[in-house]
Amino acid sequence: MDRRHTRRVPHCRYKSKGVTHHNCHIQELWRSSFLTAIHSLMDFRYLAQAPMFMDDSLTELASALQDFYDNKDAIMAAGAWKDSWEIPKLELLQSIVPSICLSGAVMQWSADPTEHAHVQEIKVPARAGNNRDYYNQIARHLDRAEKCLRFDIATYMESKWGEEDLRVDEIEGNETEQDKEHEPDEEEFPIDHLAATRSPINYFTIADALVRGCIPNAPRPYRTFSTTTTAFHLSTKPSLRLSVDEAAAMFNLPDLRTAISEYLHRLESRMPHHVSGVRSQQDHQLPFDRLQIWCKVRIQQMHYHSRQTPDTPQTLHAFHPSTVNPHGLYDAAIINADPDSDWPQRGLEGHSVVQLHMIFRPLHSELLAAYVQRFDVVTQQGNTNNRNAGTGMYLVRRAVRSNGSRIGDVLQITLIRSPAHLIPHFGKEAHLRLTSQTSYELSSDFWLNKYWSKEFYYTLSSSSR
């Protein structure tokens with residue numbers, strides 16, 4: 001496998017320069033099989049990197065490659081490829097399914113470890129020299145690097161002697177310090193950068209330790225907690241402490257007070273927390289007026305194919321408008337809109353896509369909640385799974401009321417299942433004011449990018465199997 005195609009798509013914003021021209025060109029090819037050929041090949045590459053296979057996944061893998069061959073002529077018809085298709089790497093793709101049947105998953109034969117070792121042990125030391133007497137200089141460089149590493153390990157072990165492995169008490173912090181300052185923490189967790197291999201921190205283990213009472217002095221509510229599918233971590237000290245009205249003004253959420261009132265009513269009545277924008281309460285008096293607000297939360301899930309192995313945590317941002325981000329910085333997420341939903345086995349079925357706008361806790365309360373705004377999946381005619389035939393992705397649209405205001409609600413933060421990545425859908429012509437800072441605010445339609453990570457891809461693909 002060519003591992004150059006395994007990189008994650010970065011979380012990015014989009015600039016307007018050149019967007020209109022390229023998007024119009026894509027629109028001209030939309031009704032052809034051009035995009036189908038491209039996304040089929042991408043699907044094949046993602047599916048082939050799975051660590052294990054069943055009969056249905058092998059069938060899906062073979063089908064993705066066949067879709068590419070059925071539609072590749074559209075690429076030549078569009079003038080995007082003028083040479084022949086006699087490409088060795090492309091021809092080798094046809095042997096992957098038979099190879100998996102005979103020898104197991106392709107990824108177990110990855111050359112990444114040896115290539116990485118070659119870079120670290122040969123290329124990097126060679127670049128540190130003067131291009132003469134390579135072998136001796138590389139050997140001296142590695143010898144000195146090893147001595148420095150051993151010294152660092154010894155001093156690190158000495159400084160950490162007697163401390164607990166979990167370091168949960170440091171992770172959770174102290175409630176007294178929390179009341180003194182309200183700036184967000186730096187990264188709290190000690191990262192052992194000296195280890196040859198580094199596993200991601202396991203928030204599930206820490207949350208379980210807190211629930212079992214291993215850290216009796218941990219502040220309430222716990223800043224690290226989990227559900228059966230997702231673990232969460234908030235910094236010990238919140239980013240802001242504001243009144244409800246001040247928070248509504250700062251985050252540009254005019255219906256924040258009514259949304260909190262509706263949330264408390266649903267919580268008391270044990271009603272499901274759907275993001276509907278409905279306000280059944282006439283009295284919007286709240287039993288509190290002050291909020292603690294966080295501008296980010298760390299989210300962790302288990303690997304799709306190995307439910308006991310934690311994935312690398314990801315950060316969801318909910319920054320209010322500022323000089324750096326005039327429209328704020330609000331990340332997208334998948335939430336559990338259906339009490340009977342099963343993430344990640346059923347993919348997007350029973351779930352909703354939302355944009356996270358505020359993470360807060362009423363002062364002197366153990367409630368941890370979030371204000372989110374909803375996106376709706378755009379129905380694709382002739383496609384039962386609602387995926388766009390050209391991109392293979394869901395198209396989502398901002399949910400708005402008849403007056404144009406966005407539909408938002410407050411819900412428990414534990415209803416969040418996963419971060420998500422949205423790509424603005426420009427349509428026939430991009431907005432003239434589109435910049436890297438306004439692309440999310442000036443766009444109403446977005447692609448739910450299933451290629452954002454392999455784990456996210458497998459989850460969204462599961463709903464079509």
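# Strand pairing and packing in a predicted chain

Y330, in strand 7, is the bridge partner of A318. The model is predicted: local features need pLDDT of at least 70, side-chain atom pairs count only at pLDDT 80 or more, and totals for chains, interfaces and linings use all residues. Residues are numbered from 1 along each chain as its sequence is written, and side-chain values use heavy atoms, with hydrogens and water left out.

The chain has 14 helices and 15 strands. Both are DSSP runs, numbered from the N terminus: helices are H or I with at least four residues, strands are E with at least two.

Strand 7 belongs to an open sheet of 5 strands, ordered 1-2-5-6-7 and paired antiparallel. Its edges are strand 1 (224–226) and strand 7 (329–330), each of which pairs on one side only. Pairing requires at least two DSSP bridges between two strands.

Helix 11 (residues 203–211) lies across strand 1, strand 2 (230–233) and strand 5 (296–301). The helix runs at about 100° to strand 1. Axes are lines fitted to C-alpha atoms, for helices over the stretch in contact; angles run from 0 to 180 degrees between N-to-C directions.

Strand 15 (residues 445–448) is covered on both faces. D445 and W447 are buried on one side, F446 and L448 on the other. Buried means under 20% relative accessible area, with a 1.4 Å probe and protein chains only. L448 is the bridge partner of Y394. L448 is also the bridge partner of L422.

Three antiparallel pairings are listed here.

| Strand | Partner | Bridges |
|---|---|---|
| Strand 6 (residues 314–319) | Strand 7 | 2 bridges |
| Strand 11 (residues 394–398) | Strand 15 | 4 bridges |
| Strand 14 (residues 422–424) | Strand 15 | 3 bridges |

Now the whole chain. Of its 465 residues, 44% count as buried. Among contacts with a separation of 6 or more, 68% join residues 24 or more positions apart. A contact means heavy atoms within 4.5 Å. The accessible surface comes to about 25,400 Å², and carbon and sulfur atoms hold 52% of that. Areas come from the Shrake-Rupley method with a 1.4 Å probe.

On the surface, L149, I153 and M157 make a nonpolar patch of about 250 Å². M157 sits in helix 8 (residues 134–159). Patch residues have over 30% relative accessible area and no salt bridge, and nonpolar side chains are joined within 5 Å. A salt bridge puts a side-chain nitrogen of Lys or Arg within 4 Å of a carboxyl oxygen of Asp or Glu.

Technical notes:
Buried means under 20% relative accessible area, exposed over 50%, partly exposed in between (1.4 Å probe, protein chains only). Patches are made of residues with over 30% relative accessible area and no salt bridge: like charges are joined within 9 Å, nonpolar side chains (Val, Leu, Ile, Met, Phe, Trp, Tyr) within 5 Å.
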